[in-house]
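Let's take a walk through this fold together, one element at a time. Keep the sequence and the 3D view open side by side as you read.

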Amino acid sequence: MKINNVHLIISAVNAKHYPQHDLPEVLLLGRSNVGKSSFINTMINRKALARTSSQPGKTRTINFYNVEDLFCFVDMPGYGYAKVSREERKDFKRMIEEYIKKRENLTIVIHLIDFRHEPTADDIEVHNWLRKMDITPIVVATKIDKVKNNDYRKNIKQIVQAFDLEDPEDIILFSSTAKRGKEELMGILDEIFLD
Ligand code: GDP
């Protein structure tokens with residue numbers, strides 16, 4: 001699909017603010033600073049519609065982006081930022097849980113992780129938690145331009161082991177800077193939404 005028309009529908013704080021529409025939704029989850037805003041901007045061909053955060057952990061709203069009236073990207077606050085309090089971390093969790101449990105529009109979950117490092121305890125917790133809710137997320141490894149080719153296999157293996165994945169080929173290797181992985185992911189979205 002060619003994406004030209006995207007707009008922010010609403011920044012929601014809780015379920016009362018979720019938009020009332022029939023659009024299928026693609027939920028985006030990832031640690032603060034994983035490159036989630038850059039990912040959205042890359043996918044929708046915009047420089048800065050989704051804020052790229054110089055202050056990690058700042059965005060605390062759920063942002064709903066209408067993409068071509070075809071589907072909606074739902075951008076959750078990043079989790080796992082060390083400087084937020086335990087209470088705030090719980091709030092994030094409640095926010096995500098509330099969305100996943102209540103939202104009938106939810107169609108796919110994209111779980112972004114940073115390819116430079118092993119999945120963190122938070123990443124593993126979120127992944128396992130999705131599985132428990134019978135959700136198999138698409139795993140997108142970001143910032144691959146920062147990893148040496150020689151380390152690819154090792155890093156992929158770490159993700160497979162941490163998340164107990166069946167097929168390493170299911171991991172989408174992505175870079176906003178190098179524009180890698182975009183076509184592959186667009187192919188998956190096309191199959192789901194253009195049929
Ligand atoms: P968010 O907090 O998850 O929304 O992350 P951002 O999109 O704001 O990105 C966090 C930082 O990582 C910024 O400095 C981005 O420029 C950088 N970044 C994001 N994606 C990439 C990428 O694919 N490659 C590189 N090298 N840096 C990236």
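Start on the outside of a helix: Ala121 and Lys132 are exposed residues on the face of α3 that is turned away from its buried side. Here a residue is called buried if 20 or more other C-beta atoms lie within 10 Å of its own, exposed if 12 or fewer, and partly exposed in between, with C-beta atoms placed from the backbone. Helices (H or I, at least four residues) and strands (E, at least two) are DSSP runs, numbered from the N terminus.

Before going further, a word on what you are looking at. This is a predicted model, in which local features need pLDDT of at least 70 and side-chain atom pairs count only at pLDDT 80 or more, while totals for chains, interfaces and linings use all residues. Residues are numbered from 1 along each chain as its sequence is written.

Now turn the helix around. The buried residues of α3 are Asp123, Val126 and His127. Seen down the helix axis, these buried residues fall within an arc of 100°, so they line one face of α3; the arc is that of the directions from the helix axis to the C-beta atoms. An α-helix has 3.6 residues a turn, so residues three or four places apart point the same way. The length of α3 fits as well: its twelve residues should span 16 Å at 1.5 Å a residue, and its end C-alpha atoms are 16 Å apart, which agrees. That expected span is 1.5 Å times one less than the number of residues in the helix. Just after α3 comes Asp134, with a positive phi near 65°.

What lies over the buried side of this helix? The cover of the buried residues of α3 includes β2, β5 and α4. Val126, which sits in α3 (residues 121-132), makes a good example. Val126 counts as buried because it has 24 C-beta neighbours inside 10 Å. Leaving out residues up to four places away in sequence, Val126 touches Leu29, Tyr79 and His111, where contact requires C-beta atoms, placed from the backbone, to lie within 7 Å.

From Val126 we can step across to the sheet. The sheet is open and has seven strands in the order β1-β3-β4-β2-β5-β6-β7, with mixed pairing; two strands pair if DSSP finds at least two bridges between them. Its edge strands are β1 (6-12) and β7, each of which pairs on one side only. At the β1 end, six bridges join β1 to β3 in an antiparallel arrangement, and Leu8 has Tyr65 in β3 as its bridge partner.

Moving inward, five of the six residues of β3 are buried, so this strand is largely enclosed by the rest of the structure. β3 also pairs with β4, in the antiparallel sense and over five bridges, with Asn63 opposite Asp75 in β4. The two strands form a hairpin with three residues between them, and Glu68 in the turn has a positive phi of about 55°.

Next comes β2, where six of the six residues (25-30) are buried, so β2 is largely enclosed by the rest of the structure. Both of its faces are covered: Glu25, Leu27 and Leu29 are buried on one side, and Val26, Leu28 and Gly30 on the other. β2 pairs in the parallel sense with β4 (residues 71-75) over four bridges, where Leu28 stands opposite Asp75. β2 also runs parallel to β5 (residues 106-114), joined by six bridges, and there Gly30 stands opposite Leu112.

β2 also brings us to the largest nonpolar core, which has 36 residues; Leu27, Leu28, Val74 and Ala141 have the most contacts inside it. Such a core is a set of buried Ala, Val, Leu, Ile, Met, Phe, Trp, Tyr and Cys residues joined through C-beta atoms within 7 Å. Leaving aside neighbours within four places in sequence, the contacts of Leu28 include Ile40, Phe73, Val74, Ile110 and Leu112.

Finally, look at two loops. Asn45, in the loop between α1 and β3, has a positive phi of about 60° although it is not a glycine. With 12 C-beta neighbours inside 10 Å, Asn45 counts as exposed. Asp164 lies in the loop between α4 and β7, and its phi is positive too, near 55°.

Key: Contact = placed C-beta atoms within 7 Å.
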